[in-house]
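Me: I have a protein model open and I'm not sure how to read it. Could you walk me through it, one feature at a time?

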Amino acid sequence: MSSKTVISNQDLFGELDPSPRLLMGPGPVDVYPRVLRAMSAPMLGQFDPEFTGYMNEVMELYRRVYQTRNHWTLLVNGTARSGIEACLGSLVSPGDKVLVPRFGRFGHLLTEICGRVGGEIHTIDTEWGSVFPVEQIADEVRRGQPKVLAMVHGDTSTTMAQPLAGLAETCLETGTLFFADATATLGGMPFNVDGWGIDAAAAGLQKCMSGPPGTSPVTLSDRAAKAVNRRKHIEVGIRPDGYVGAAGPPISSNYLDLGMLMDYWSPKRLNHHTESTSMLYAARECARVVLEEGLEASFERHALSNRALRAGLIAMGLELFGDPDNRMVNVTGVMIPKACGNGEKVRAEMLDDFGIEIGTSFGHLAGKIWRIGVMGNVCRKPNILRCLASLEVVLRRNGYDVRSNSGVDAAYDAYSGAAN
Ligand SMILES: Cc1ncc(COP(=O)(O)O)c(C=O)c1O
């Protein structure tokens with residue numbers, strides 16, 4: 001190498017060394033150490049029988065996490081949005097009617113995705129901080145007879161959870177496919193695919209599953225899989241001899257084509273992308289951790305930690321955001337007190353001085369609420385107490401009058417007698 005091309009150590013920046021943080025925003029959250037260890041396992045070739053064996057195990061593990069017998073339960077490589085886009089882009093053909101009831105930012109995302117693939121969108125809206133009565137959604141489905149009903153389960157932007165049980169019968173009557181985004185609730189709140197008659201669902205790992213962002217578990221009912229396969233067009237270079245494409249319009253994305261992805265995840269192993277090996281290891285380990293604890297136990301741990309957090313916030317005189325009957329269990333919206341302006345200085349001091357991240361908000365809630373997430377591996381008593389104690393100090397330094405130890409004491413009380 002000539003002296004001109006020598007790169008100094010300064011140009012290489014520092015060795016990656018992220019500061020220790022406690023991630024108590026709306027996600028991503030701290031990753032289970034077992035998951036980080038699984039991610040450092042060696043690569044395997046994508047058709048190595050050992051690796052395809054792991055793919056099959058992932059399918060089985062996520063059937064249990066999703067509470068479904070759906071055969072087509074697999075990973076889409078990319079963040080949760082990729083799984084959402086794969087489901088909706090594969091189900092919604094140009095001109096198909098889609099109903100999107102919106103109660104936060106992520107309902108707008110579903111609208112945008114369905115619109116981009118040519119869906120004829122009908123939306124209903126409710127004020128942020130509230131959700132829809134299930135009967136209202138069912139009436140809209142009966143009235144509009146959409147091909148797809150697309151809903152968010154827990155919308156982290158507003159911290160509200162939409163009840164989804166009770167829609168399946170209407171969707172069956174009208175031939176509507178029912179899609180739900182479980183990104184923020186899977187593993188932390190009940191999300192019962194078969195019990196609620198959901199035809200397609202997508203999620204990420206970086207919330208209650210306590211993994212890194214980067215792969216999206218999705219599940220499809222047989223009805224949904226048939227609808228996708230009516231549009232299946234295998235890409236030219238890998239078509240088997242004599243192949244004839246399906247009659248329906250091709251899915252517009254190649255990468256997010258669930259028809260081809262199902263072939264890749266079937267015994268045919270028809271080559272699509274290269275499965276993201278380390279993310280598959282992560283997804284597999286996330287599911288093993290959650291199922292080893294037990295879904296019900298995981299839901300209860302999330303509920304208890306968040307009850308304790310909320311008791312502490314209320315004891316500090318803070319007001320919680322949104323309809324109390326329909327709050328997500330795992331993310332809490334907190335009204336920013338007047339003394340703290342738009343809340344950004346408090347967030348910065350929580351991060352810089354205590355290493356704790358809490359969330360800001362979007363749209364018209366920006367500067368009005370903080371969002372505190374307690375999910376996955378973070379969902380433990382020491383973290384709740386640390387967060388409340390730190391917040392008390394920071395709030396006081398920012399001019400908000402708070403009684404000493406009120407938050408921590410109330411959280412202790414919430415935990416007393418409960419296993420944590
Ligand atoms: C409800 C919901 N849906 C979708 C997403 C998008 O997920 P990702 O950023 O992993 O694509 C998020 C992320 O916060 C979310 O909370």
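Reply: Let's go from the overall build to single residues. Keep in mind that this is a predicted model.

Me: Okay, big picture. How many helices and strands are there in the protein?

Reply: You'll find 13 helices and 13 strands. The radius of gyration is 23 Å, close to the 22 Å that the globule rule gives for 420 residues, so the protein is as compact as a globular protein of that length. Along the principal axes, the C-alpha atoms fill a box of roughly 75 × 70 × 45 Å.

Me: What share of the residues counts as buried?

Reply: Out of 420 residues, 49% count as buried. You can also look at who touches whom along the chain: among contacts with a separation of 6 or more, 73% are between residues 24 or more positions apart.

Me: Which domains is the protein divided into?

Reply: There's domain 1, covering 33–290, and domain 2, covering 295–415. Their centres, taken over C-alpha atoms, are 31 Å apart. Across the boundary, 23 residues of domain 1 are in contact with 23 residues of domain 2.

Me: Now the sheet. In what order do the strands of the open sheet of 7 strands come?

Reply: Read across it and you get β2-β10-β9-β8-β5-β3-β4, with mixed pairing. β2 (72–77) and β4 (120–125) are the edge strands; each has a single partner strand, so one side of each is left without a neighbour in the sheet. On average, neighbouring strands are turned by 20° against each other, direction ignored.

Me: Can we zoom in on one strand? How many residues of β8 are buried?

Reply: Start with the general idea: in a regular strand, side chains alternate between the two faces of the sheet. Now take β8, residues 177–181, where 5 of its 5 residues are buried. Leu 177, Phe 179 and Asp 181 are on one side, Phe 178 and Ala 180 are on the other, and both faces are covered.

Me: Which strands are joined to β8 by bridges?

Reply: One is β5 (residues 148–152), which runs parallel to β8 and is joined to it by 5 bridges. The other is β9 (residues 200–202), also parallel, with 3 bridges. Asp 181 is a handy residue to click on: Val 152 stands opposite it in the β5 pairing, and Ala 202 stands opposite it in β9.

Me: And what joins β3 to β5?

Reply: There, 2 bridges do the job, and the strands run parallel. Look for Leu 99, whose bridge partner in β5 is Leu 149.

Me: Which strands does helix α3 lie across?

Reply: Helix α3 (residues 80–91) lies across β2, β5, β8, β9 and β10, and it runs at about 35° to β10. Helix α9 packs on the sheet too, touching β2 and β10, and its direction makes about 65° with that of β10.

Me: What about the nonpolar core? Which residues have the most contacts inside the largest one?

Reply: That core has 122 residues, and the ones with the most contacts inside it are Cys 87, Leu 88, Leu 91, Ala 150, Phe 179, Ala 201 and Cys 286. Helix α9 (residues 277–293) gives the largest share, 9 residues. The core draws at least three residues from each of the two domains, domain 1 and domain 2.

Me: Which residues does Ala 201 touch?

Reply: Leaving out residues up to four places away in sequence, Ala 201 touches Tyr 66, Phe 179, Ala 180, Ala 182, Val 193, Val 218 and Thr 219.

Me: Last topic: backbone oddities. Where is the cis peptide bond?

Reply: A cis bond shows up in the omega angle, and here omega is about 10° for the bond joining Gly 27 and Pro 28. Pro 28 is in the loop between β1 (22–24) and α1 (33–39).

Me: And which residues other than glycine have a positive phi?

Reply: Here are two to look at, Ser 210 with phi near 55° and Arg 269 with phi near 45°. Ser 210 is in the loop between β9 and β10 (215–220), while Arg 269 is in the loop between α8 (258–264) and α9.

Me: Why does Ser 210 count as buried, and why does Arg 269 count as partly exposed?

Reply: Count the C-beta neighbours inside 10 Å: Ser 210 counts as buried because it has 28. Arg 269 has 13, so it counts as partly exposed. The cut-off for buried is 20 or more, and 12 or fewer would be exposed.

Notes
Residues are numbered from 1 along each chain as its sequence is written. This is a predicted model: local features need pLDDT of at least 70, side-chain atom pairs count only at pLDDT 80 or more; totals for chains, interfaces and linings use all residues. Helices (H or I, at least four residues) and strands (E, at least two) are DSSP runs, numbered from the N terminus. The radius of gyration is taken over C-alpha atoms; the globule rule is 2.2 Å times the number of residues to the power 0.38. Two residues are in contact if their C-beta atoms, placed from the backbone, lie within 7 Å. Two strands pair if DSSP finds at least two bridges between them. A nonpolar core is a set of buried Ala, Val, Leu, Ile, Met, Phe, Trp, Tyr and Cys residues joined through C-beta atoms within 7 Å. Domain bounds come from an automatic or database domain assignment. Axes are lines fitted to C-alpha atoms, for helices over the stretch in contact, and angles run from 0 to 180 degrees between N-to-C directions.
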